[in-house]
Amino acid sequence: MPKPTKKTADGFQKLKHASQPWNKIVCVTAYDYTTAKWVDPEVDIVLVGDSLGMVVQGHPNTLSVTLEHMIYHSQCVARGIQLAHLCVDMPFMTYQVNPEEALRNAGRLIAEGSAHSVKLEGGVTFARTIEKIVSAGIPVLGHIGLTPQSVHQLGGYKVQGKTASEREALLQDALAVEDSGAYALVLESIPSELAQTISERVKIPTIGIGAGPHCDGQVLVLHDLLGLNPDFKPKFVKQYAQLSHELIRAVKTFGDEVRKAQFPTQEHSFYAGS
Ligand code: KIV
């Protein structure tokens, strides 16, 4: 068996051109050491998404996540990773002001957070910013379509690219992200046909979430695919487990056993002299 090798940003581009179905890029989010250790051998990219603002911090959106939060979670995840590529989201207002500030903040995610690459949302408007970060030797993952940091401008978490002019603008966004040197591109909540067109037009791999089957890879939020939040099940999520049921059952059983003095037994207790 060949020794598994570390996944790198340039390797993902080769995967796209090998174009076998089993070469699809697999990406999930993780926000802490323990889950990072579980997912590391199974995926290509571990994404410390700013979705942590919602699934870890309990906010209604990602807008209050700070660079310090992302650095902290990236450090935790990095300790659990051996083979996967570690990509970290640039949170709201850490790259929007100007390319220089964006580069400084991307650099902190790499140097302090041990990230291997950064992700930022936006197309044509952020092409110069992506170029600036890439030219400093930091790989960038683009993200277009539904861009959650623009939730107030988009009027909610809606599928994008519904009209012909929106679809044309998204195609231009994808081409701009590619031209600016990003190593791959997340396509979020867009029609499958548009994701297929974009995936065929750009040479960099596309990684879809709610973007249908024609992308070069797929990403899901770990909590969604594990069924950790039973109240959140949008159309694009497949729950591969319903772990919330199992977690609640385990904690309830623990509580019952403590109240009935069935736990701890001798088996879980220490005794002097033994
Ligand atoms: O923040 C996040 O988790 C993301 C993915 C859903 C792509 O951006």
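# Report on backbone, core, ring pairs and pocket

Pro-264 is found in the segment after helix 11 (243–259). Helices here are DSSP runs of H or I with at least four residues, strands are runs of E with at least two, and both are numbered from the N terminus. The structure is a predicted model, in which local features need pLDDT of at least 70 and side-chain atom pairs count only at pLDDT 80 or more, while totals for chains, interfaces and linings use all residues. Residues are numbered from 1 along each chain as its sequence is written, and side-chain values use heavy atoms, with hydrogens and water left out.

## Backbone

The peptide bond that leads from Phe-263 into Pro-264 is cis, its omega being near 0°. Ala-261 is also placed in the segment after helix 11. Its phi is near 55°, a positive value in a residue other than glycine. Met-93, in the loop between strand 3 and helix 5, is not a glycine either, yet has a positive phi of about 70°.

## Accessibility of selected residues

A residue is called buried under 20% relative accessible area, exposed over 50% and partly exposed in between, using a 1.4 Å probe and protein chains only.

| Residue | Place | Relative accessibility | Class |
|---|---|---|---|
| Gly-58 | loop between helix 3 and helix 4 (67–78) | 60% | exposed |
| Met-93 | loop between strand 3 and helix 5 | 40% | partly exposed |
| Thr-129 | helix 6 | 5% | buried |
| Glu-166 | helix 8 | 34% | partly exposed |
| Lys-235 | loop between helix 10 (222–225) and helix 11 | 87% | exposed |
| Ala-261 | segment after helix 11 | 65% | exposed |

Some C-alpha separations place these residues in the fold. Gly-58 and Glu-257 are 199 residues apart along the chain, and their C-alpha atoms are separated by 30 Å. For Lys-235 and Leu-63, 172 residues apart, the C-alpha separation is 23 Å. The C-alpha atoms of Glu-166 and Gly-145 are separated by 9.5 Å, with the two positions 21 residues apart along the chain. Glu-166 is in contact (heavy atoms within 4.5 Å) with Gln-160 and Gly-161, leaving aside neighbours within four places in sequence.

## Aromatic pairs

Rings of Phe, Tyr and Trp (its six-membered ring) pair if their centres lie within 6.5 Å; planes under 30 degrees apart count as stacked, over 60 as edge-to-face and the rest as tilted. By this rule there are three aromatic pairs. In one of them, Tyr-95 and Phe-126 have ring centres 5.4 Å apart and planes at 65°, so the pair is edge-to-face. This pair links distant parts of the chain, 31 residues apart: Tyr-95 lies in the loop between strand 3 (85–89) and helix 5 (99–111), and Phe-126 in the loop between strand 4 (117–119) and helix 6 (127–135). Tyr-95 is buried, at 1% relative accessibility, and Phe-126 is buried with a relative accessible area of 16%.

Thr-129 in helix 6 touches Tyr-95 as well. Apart from neighbours within four places in sequence, the contacts of Thr-129 are Tyr-95, Pro-99, Ala-102 and Leu-120. The C-alpha atoms of Thr-129 and Met-54, 75 residues apart along the chain, are separated by 26 Å.

## Nonpolar core

A nonpolar core is a set of buried Ala, Val, Leu, Ile, Met, Phe, Trp, Tyr and Cys residues joined through side-chain atoms within 4.5 Å. The largest has 68 residues, and Ile-133, Leu-187, Ile-198 and Ile-207 have the most contacts inside it. Helix 8 (residues 164–179) gives the most to this core, with five residues. Not counting residues up to four places away in sequence, Ile-198 touches Ile-144, Leu-170, Leu-171, Ala-174, Leu-185, Leu-187, Ile-190 and Thr-206.

## Largest pocket

On a 1 Å grid over the protein atoms alone, a pocket is an open set of points where a 1.4 Å probe fits, with protein on both sides within 12 Å along at least five of seven lines; lining residues have an atom within 4 Å of a point. Grid points are joined across faces, edges and corners, and the volume is the space filled by probe spheres set on the points.

The largest pocket holds about 770 Å³ of space. It is lined by 31 residues, of which Leu-146, Glu-188, Ile-209, Phe-232 and Phe-236 are the closest to its centre. Helix 3 (52–55), strand 6 (184–188) and strand 8 (217–220) each supply at least two residues of this lining. By class, the lining has 15 nonpolar, eight polar and eight charged residues. Here Ala, Val, Leu, Ile, Met, Phe, Trp, Tyr, Cys and Pro count as nonpolar, Asp, Glu, Lys and Arg as charged, and the others, Gly among them, as polar.
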